[in-house]
Amino acid sequence: THCVSGCVCPHDQVLDGKGGCIAPEDCPCIHNGNSYSPGESIRVGCNNCTCRNRKWQCSEEPCLETCSVYGDGHYTTFDGKRFDFEGDCEYVLVQNYCGQQAMNQGTFRVITENIPCGTTGTTCSKSIKVFLGNYELVLTDGHSDVIQRTPGGKMPFQIRSMGIYLVVDTTVGLILMWDKKTSIFIKLSPSFQGHVCGLCGNYDGNGNNDFTTRSQSVVGNVLEFANSWKVSSSCPNANRTQDPCTANPYRKAWAQKQCSIITSEVFAKCHSQVEPNEYYQACVDDACACDTGGDCECFCTAVAAYAQACNELDICISWRTPSICPLFCDYYN
């Protein structure tokens with residue numbers, strides 16, 4: 001319906017922003033700056049939201065939140081706080097052995113072993129260890145090993161492949177996705193909200209208090225927080241490392257050119273859902289830092305981390321090509 005008398009709509013209609021008039025219930029809904037027509041649906045976390053009468057109506061399923069670790073020490077906690085930490089030791093990623101009262105009541109622990117992966121002091125995850133019941137699962141060198149520490153009990157892991165990822169389903173509401181290299185994604189049931197600790201934070205919905213040390217004090221310094229979660233006290237405390245692109249300036253232009261795929265049209269439909277600039281900067285840092293072989297692997301891992309964040313929101317991006325981070329055919333199958 002066209003507007004009348006100088007774009008004034010009838011009393012029961014409103015302007016649609018395009019020179020026309022529509023009924024109020026036909027107005028679009030807005031999400032992350034994008035406009036959606038009535039009846040259109042989007043996915044927010046694990047819930048579907050449908051635009052009806054100018055408002056989003058969403059399902060209310062409890063969602064498993066994700067903690068991610070990838071590349072040269074890039075962390076995102078369950079509550080969405082991002083930080084970088086480059087320590088050369090074993091560290092607790094997540095456990096439910098927290099506080100004095102819970103020390104004897106915990107059921108699981110996930111540990112990462114970090115090793116240097118460049119001459120600038122950067123470190124990458126070498127292996128992941130999962131302790132659950134009387135079993136230990138070790139993910140390293142592209143494969144998994146299960147260790148039964150005492151006889152008896154059903155194995156609490158189920159291991160399967162999903163694309164480039166090895167997926168570990170557990171019986172306690174913990175899911176791990178590992179790319180068989182340096183990326184690990186940990187999904188945790190909402191039943192653990194506020195009852196976990198480690199580098200992945202406390203999962204209480206508030207990212208501001210995620211820097212909670214082993215002694216249960218909240219600090220503002222990432223080094224003080226992360227160093228408190230080292231497994232062995234004999235490991236030296238990590239110190240802040242120099243900027244890898246400053247240390248390797250000859251790699252900076254190449255790194256920026258390669259990583260620009262994250263902010264390019266290739267990922268355009270994801271940009272409004274997952275902010276790309278922090279992933280781009282992490283990619284540049286990694287591409288500059290990995291100067292002891294595997295430089296392309298570090299770049300590919302960084303881009304794949306952004307692609308996985310998009311995929312979590314059901315935005316699937318076909319970004320790999322024969323010349324950009326190709327995969328073998330068996331991965332596609």
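A salt bridge is a side-chain nitrogen of Lys or Arg within 4 Å of a carboxyl oxygen of Asp or Glu. The views below come from a predicted model, and the legends start with contacts of this kind.

**View 1. The salt bridge between D169 and R160.** The side chains of D169 and R160 meet with a nitrogen-to-oxygen separation of 2.7 Å, and this pair counts as a salt bridge because 2.7 Å falls within the 4 Å limit. With a relative accessibility of 16%, D169 is classed as buried, because buried means under 20% relative accessible area. R160, on the other hand, has a relative accessible area of 37% and is partly exposed. A search of the whole structure finds four salt bridges, and two others are shown in the next views.

**View 2. The salt bridge between E278 and R82.** Here the side chains of E278 and R82 come together, with N and O 3.1 Å apart. The pair links distant parts of the chain, since E278 belongs to helix 6 and R82 to strand 10 (residues 82-84), with their positions 196 residues apart in sequence. E278 is partly exposed, with a relative accessible area of 45%, and R82 is also described as partly exposed, with a value of 25%.

**View 3. The salt bridge between K187 and E312.** In this pair the closest N and O atoms of K187 and E312 are 2.6 Å apart. K187 lies in strand 19 (residues 184-188), while E312 sits in the loop between helix 7 (295-311) and helix 8 (329-332), so the contact ties together parts of the chain that are 125 residues apart in sequence. K187 is buried, its relative accessible area being 13%, whereas E312 is partly exposed at 28%.

**View 4. The packing of helix 4 against helix 6.** Two packed helices are described by the angle between their axes and the distance between the axes. For helix 4 (residues 252-259) and helix 6 (residues 277-289), the angle is about 140° and the axes are 8 Å apart. The two helices are therefore oblique to each other, because an angle has to be over 145 degrees to count as roughly antiparallel. Helix 4 passes helix 6 in a right-handed crossing. Helix 6 is also the helix that holds E278, the partner of R82 in View 2.

**View 5. A nonpolar patch and the loop beside strand 15.** V146, M155 and I159 make a nonpolar patch of about 210 Å² on the surface. M155 is placed in the loop between strand 15 (143-148) and strand 16 (157-162), and with a relative accessibility of 35% M155 counts as partly exposed. K154 is found in the loop between strand 15 and strand 16 too, but K154 counts as exposed, at 79% relative accessibility. K154 and N134 are 20 residues apart in sequence, and their C-alpha atoms are 9.4 Å apart in space.

**View 6. Two residues with a positive phi.** Most residues other than glycine have a negative phi, and most peptide bonds are trans. N53 is not a glycine, yet its phi is positive, at about 55°. N53 lies in the loop between strand 6 (47-52) and strand 7 (55-58), where N53 is partly exposed, with a relative accessible area of 44%. C325, which is not a glycine either, has a positive phi of about 50°. C325 is found in the loop between helix 7 and helix 8, and at 6% relative accessibility C325 counts as buried.

**View 7. Two buried loop residues and their partners in space.** G20 is found in the loop between strand 1 (14-15) and strand 2 (21-22), and its relative accessibility of 8% makes G20 a buried residue. Twelve residues separate G20 from V8 in sequence, and the distance between their C-alpha atoms is 9.4 Å. D79 is placed in the loop between strand 9 (74-76) and strand 10, and D79 is buried as well, with a relative accessible area of 17%. D79 and N209 are 130 residues apart along the chain, while their C-alpha atoms are separated by 9.5 Å.

Note on methods: Residues are numbered from 1 along each chain as its sequence is written. This is a predicted model: local features need pLDDT of at least 70, side-chain atom pairs count only at pLDDT 80 or more; totals for chains, interfaces and linings use all residues. Side-chain values use heavy atoms; hydrogens and water are left out. Patches are made of residues with over 30% relative accessible area and no salt bridge: like charges are joined within 9 Å, nonpolar side chains (Val, Leu, Ile, Met, Phe, Trp, Tyr) within 5 Å. Accessible areas come from the Shrake-Rupley method with a 1.4 Å probe; for residues, only the protein chains shown count as cover. Helices (H or I, at least four residues) and strands (E, at least two) are DSSP runs, numbered from the N terminus. Buried means under 20% relative accessible area, exposed over 50%, partly exposed in between (1.4 Å probe, protein chains only). Axes are lines fitted to C-alpha atoms, for helices over the stretch in contact, and angles run from 0 to 180 degrees between N-to-C directions. Angles under 35 degrees count as roughly parallel, over 145 as roughly antiparallel, 65 to 115 as roughly perpendicular and the rest as oblique. A crossing is left-handed if the near helix is turned anticlockwise from the far one by less than a right angle, and right-handed if clockwise.
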